[in-house]
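Hello,

Here is the structure I promised to pass along. Have a look at it first, and my notes on a few of its strands follow below.

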Amino acid sequence: MKNQLFISFLLIFFFIGLSVVSAADNATVLYEDKSIENDAILIENDLLGVVEDNVIEAASNDDILASEITVKDGDSIQSAIDKAEAGSTIFVSKGSYYEDLVVSKELSIIGHDAVLKASNAAFKILPTANNTVISGFHIIVADINGTGIHINASGCKIIDNTITGGNIGIGTDEFAVNKSGKIEIRVINNTSIIGNNITNLNGAGISINTYNPIVCRNRVTNIVNTRVNGTAIGIKANGIGVVSDDLNVKVTDNYVSNIKSLNESAYGFDIGGNSVLDTLNIFDVGGNVVENVLAAVNAYGINIGVFSLNTTLPTVDVSDLTISHISTSNYENASATALSVSITTIGQNDTSDTLIHDINIKDIRALGKNSKAIGITTTGVGPADLYVFDNNIKNIKATRLLTGISATGVDYTNFTAFIDVSNNNITNLESSDIKAINVMSLGNAAINKNIIYNLKCDKATLITGVTLSFDLNGFNITVPENATIDEIMEFINDLGSKLNNTNFTINGNLTVMGNNLEGTGVETGFAVVRPAKIHYNRAVNLKYNVVKDSTRKFILESYDYDPDMSSEELAYILLKSQEMFENCTEEELRNMSISLGAFLDTMFGNLDNATAGVVDARFNWWGSNSKPSRSKFKNNNGAVRYDPWLVMRVNANPKIIKKGQHSKITVDVYRDSSGGDHSSKSKLFFSGPKVTLSSDIGSFNGKKSITLNWTNGKVTAYLRGDKSGLATVTASDYGNASTTVLILGKNHTKHYRDGNIKTVSAKSNSLPAAGNPLLLLVIVIMLLGSIGVYRDK
């Protein structure tokens, strides 16, 4: 997957002549009856071929009289099913029943504390049993390959059952099955799975492929797969839309725990919405909780994939999820991902939005050699904008690479993708290499108001971003179909010359504002490729404040390649990863790698030329009122402007108080080192940890010092005059700034309208000047003159 996306990203830069042929252009739909509830469609070759009508319709039950049947302990449930008329209700009394049941007609089968012990399949619902209801059973499956409830009909409702044992708790037939060279598509509609408790299986708790699935309020625990290449899944719900009506996918309020695959991958949730001949109308995945997922290869908390062909996606809202304890333990070369969201649109004209927010993620582990961990990863392919905001990600560990949030926008249509990563909290990360936020967009991006701190890493970049929007003229190349090796080599050789003779520019806006970054002294705060606007951030205790990077280094590192490898070696790895070259000899691969490597050198060189420029990194708080060191800004491809910078001030109001009164202490970074005032843009400033206020005289809520969070670049506290004297109030956030407050004894001074101060009593001896009014007046005048002056410690 990494290689496929990487190659796509590279080729998209230049193959703007590539025409995306709609996969449904040549498909003929031969059924239009929306009342059909179970369609079996034979498609020759693949989904994009001609659809042949092969519809299975259930017999109408309108003229059959429904009835009620009661099954008692010792009776046969199957016998009652066989005798019941379609539409009947069968009540199964308390007791133990040893049967594998087959349902061939519409029935409601309701258990009242009934235990059903099955050998292979407790319930098998045939295509003729549309609208069947199964509820209230305690199901135990003996066969490790068995299924609790197998659904092959539409409109079925599976409610409030307990299922233990077997391979799959509740499942449907596979959506597409290859039979004798033909793809058989089974479309099952309107399946509802609600309130079931499924535990102790070895494959999947719920695994369904249906049109309009509803999976709500289920509890799935203890799915442990020990088979070779065996995947463990808590809940898989794949919404398939290949009919002309709207597709709805609802997977909400489920709890999944303890999902393990000891040899392969494991998924807490695997949720899909695939609209091919229809429109995805509703996609609701809120309220789900997953914890304790372990896998030897890939461990996913929640994996979400949305695909749209020739339709326009609505707003896809992924929110209100809780994900914890996703791990690959000590398995080597493994990957642990809390949340993965992939959005792909083909043939869509309008831009759609994907919202990923209010996700709580913690305790993600990939501790084996050469392993990596990811909090949130999202990709939008086509005109799909991504918004990742208001998420909490903490306590992630990996041995090789750790990414808090990764967002990639691949708008191959007009390079106008937009990614917004804002207001996320990312804390307690530990790895040998960390990218807390990594954004790459073929278009524009905004990375604003995020909080990142508590990292343990020798190599980390807290915010990385690149925006590339292309304007190409005259570069129109079509990849040859069914080309020979010689033709492919000729095609590759032609790329470089065409690229050199093409005038193109790279645009794309990147704004990075109001982020709060705190390192341990070895990290890089911001790394960008194109000129970007980096303002109003707090970035403290870093090795490098800003790095202006090359496109080669950025792109290779983003896709987890060694940036120091040669272009020829990179070309070899890319070619070898593609199926179309799997039968090539080593010599053929190496020869192609020489040509492709030369093209990559040309491509990266042109990209660097087009992305060189000045990064605007003025107006940031770097942890000192002094000018930052030039060594803090690394220029690999351009320059970084960072003067003027923000300075910290401390103000007291009032400057003189009596004992027992309070002075309002305000700390802000609204002034820059040239005296510019940015207070009108306070909403753009950073928030979060932290600044410490201390005073030698007086107290803050009874304490000599307090630590507070910034709020839009400002902190407010109240100093109480505990005893009289001249208090020095100091604000510390790596750098220091101070002010003073004069605390007078009670009834010691009188204030007049003209602003003068007159001593009316000298009873207090707590001030050094208590007996000398003239000296006291001098002190007051000096104190008033210090208002607004800050001092950098």
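To start with one pair of residues, aspartate 668 stands opposite lysine 714, which belongs to β57. Please keep in mind as you browse that this is a predicted model.

That pair leads to the strands around it. Strand β54 covers residues 662–672 and runs antiparallel to β57, with seven bridges joining the two. Both belong to an open sheet of three strands, ordered β52-β54-β57 and paired in the antiparallel sense. At the edges of this sheet are β52 (646–653) and β57 (714–720), each of which pairs on one side only. From one strand to the next, the twist averages 25°.

The other place I looked at is strand β23, residues 255–261. Is this strand mostly covered or mostly open? It is mostly covered, as five of the seven residues in β23 are buried.

Strand β23 has parallel partners, and I went through two of them. With β20 (residues 219–225), β23 pairs in the parallel sense over six bridges. If you want to find this pairing on screen, look for threonine 221, whose bridge partner is serine 257 in β23. With β26 (residues 289–295), β23 is again joined by six bridges, and these two strands also run parallel. Here a useful place to look is lysine 260, which stands opposite leucine 294 of β26.

One general point may help while you turn the model around: in a regular strand, side chains alternate between the two faces of the sheet.

Happy browsing, and best wishes!

Methods:
Residues numbered from 1 in each chain as written. Predicted model: local features only at pLDDT ≥ 70, side-chain atom pairs only at ≥ 80, totals over all residues. Heavy atoms only, no water. Pairing = 2+ DSSP bridges. Helix = DSSP H or I, 4+ residues; strand = E, 2+ residues; numbered from the N terminus. Axes fitted to C-alpha atoms, helices over the stretch in contact; angles between N-to-C directions. Buried < 20%, exposed > 50% of the residue type's maximum accessible area, 1.4 Å probe, protein only.
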